[in-house]
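Here's a quick tour of a protein, from its surface down to its packing. Have a look at the sequence and structure first.

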Amino acid sequence: MGRCGGSPRCSLFPLDTESLGRHLTLQQRRSEEGVCCVSDVVDSPTQGVPCALTSAVPSKTVDLFEMIEKMQGSRLDEQRCSLPAPLKTEEEYIPYPSIHEVLQKGWPYPLIILPQFGGYWIEGTSHNLSSLSPTLSDVPFPWSGKMKLESDPTAKLYRKHFLGKEHQNFYSSDMSLGYLVLSVKYEQIEKQENLRLLLRTRTGTKHDLIPISCLNEFPNAVQMAKLLCEDVNVERFFPVLYPKASQLIVAFDEHVISNNFKFGVIYQKPGQTTEEEVFSNTEESLGFLEFLEFLGDKIQLQDFRGFRGGLDVTRGQTGTESVYTNFQGKEIMFHVSTKLPFTEGDSQQLQRKRHIGNDIVAIIFQDESTPFVPDMIASNFLHAYVVVQLTHGTTGDTLYKVSVTARDDVPFFGPPLPNPAIFRKSAEFREFLLVKLINAEYSCYRAEKFAKLEERTRSALLESLFEELQLRSRSMMGLPVGEDDKIENGSGGFLENFKSFALPGRSPSRTRASRFHGRRSSAIGIENIQEEKRDTAERIQKVLDSPGTFFDRKSDGSSSPSSPEFPSRKSKHI
């Protein structure tokens, strides 16, 4: 215990009274000091100490321990931390300024303002050049190289490293991970022996290149799968013996790749602050027409043969013309609000909203400074907006201010906006804008709503792939197949199930019940996902009918795409 004048070091835990009694020792009274401290009381309970506290201890031992308890309690109170305040309800939050409050403050207005209770992020809030009179040469453009389109990095790994080359495929089923499909390839890189592994689960695809020299022994299929995912818990993997298995596997891997996109284009006039106002616009300003011409080609919808983006090309029920472009091999159809049918007396303009409201990304075009609020348009699907505002330099050159907003659960997507976010009207800006739109859609698929949809779709397709590989392999070995599992002529069950997700109105041709059957209708509920998969499914059908064309594209002249054996090599043990 400390002496007087120091801080008493009391335990934070309750003291044991017996232990305390054993350790209390007698001390002589400090005659030169006429003061005492708490430590003296504890250390000398039986001696006559000139202190009121100690004089009471011999007669009332209980009081000593009560005092110690109080000291401990006081110390514990000092160590307590205050709990954070309870989360505020929506009514208790201080909201952002409403659009009407912003308008009352006067010009200049920001391109985008947040909804009153948030839920969105904004990129590109600076639109002021250093010069008060900007000219065309003042506007920076920092990208000199090719801008990168985002995509799933694992989608083309099988085509790049396995298809048309000697490799093995395996399948199994895990109680917790679900269905598993494993691809294994032996390869030498700079005289180093490696195993290239690709494991597909319902949550994603795992890939790695593992040097054999790092392994104590050559692994079996289960051990290979554990190298990629420690949670794998299966007794064995079964080899795939179907000669056309690679075609089914590559179709599954690339189901996330799309070359078709549709984006909304909404014309917002100055002062318009509601959904009803922007969807009721019928006239197009010269600046808006110039922007549409810059964006793509004006096409007639009647008998249009390209990607139609859900628009009617036979009966004219979605208007007579639209804007379309082909960018880096990707077809893009724009749903322009002023070109979709206008219905007199319909304040909501459902004919227009049913297309733009089902898009995932939209452009908001503004002739003049007018703020846009992301929740202005009620939609379950729209997750990102690119706001483009027309402006001019001192010499009359066309410039565009750009801001981007997306829901909070949408990850950031590139290319990043410069500072200030002002662009010259140029081919570089057009490329930037189209890349930004495509990357925005890919990023939106990672938001909670679409991520769940993709996982559900992937799970169902993986189940169908597993069943098809199992069925075909058993048939190749001459094993009996049940009545419900009989293979139909043509492309087989996996392709039919793939089409059931890709094409509206189709259903799987197989009668076997599936644990995903009751959820498939919701898995294909988004119109654009159905539309985008159409061409992919048709391409797979052609591939299955003519397998030669499938392998000519990437084949390096090596052996069959799914060989049952590794190339001969010297075994290596460590």
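## Surface and overall make-up

How much area does the protein expose, and what share of it do carbon and sulfur atoms supply? The exposed area is about 29,600 Å², and carbon and sulfur supply 50% of it (Shrake-Rupley method, 1.4 Å probe; for residues, only the protein chains shown count as cover).

Bear in mind that this is a predicted model, where local features need pLDDT of at least 70 and side-chain atom pairs count only at pLDDT 80 or more, while totals for chains, interfaces and linings use all residues. Numbering starts from 1 along each chain as its sequence is written, and side-chain values use heavy atoms, with hydrogens and water left out.

There are 17 helices and 14 strands (DSSP runs numbered from the N terminus: H or I of at least four residues, E of at least two). Of the 574 residues, 48% are buried, meaning under 20% relative accessible area with a 1.4 Å probe, protein chains only.

## Isoleucine 363

Isoleucine 363 sits in strand β11 (residues 361-366) and is buried, at 0% relative accessible area. Its C-alpha is 6.1 Å from that of isoleucine 266, 97 residues away along the chain. Beyond four places in sequence, its contacts (heavy atoms within 4.5 Å) include Ile266, Phe291, Phe334, Val388 and Leu437.

## The cores

The largest nonpolar core (buried Ala, Val, Leu, Ile, Met, Phe, Trp, Tyr and Cys joined through side-chain atoms within 4.5 Å) has 47 residues, and Phe291, Phe334, Val388 and Leu437 have the most contacts inside it. Helix α12 gives this core its largest share, 10 residues. A separate core has 23 residues, including Phe279 and Val387.

How values were computed. Buried means under 20% relative accessible area, exposed over 50%, partly exposed in between (1.4 Å probe, protein chains only).
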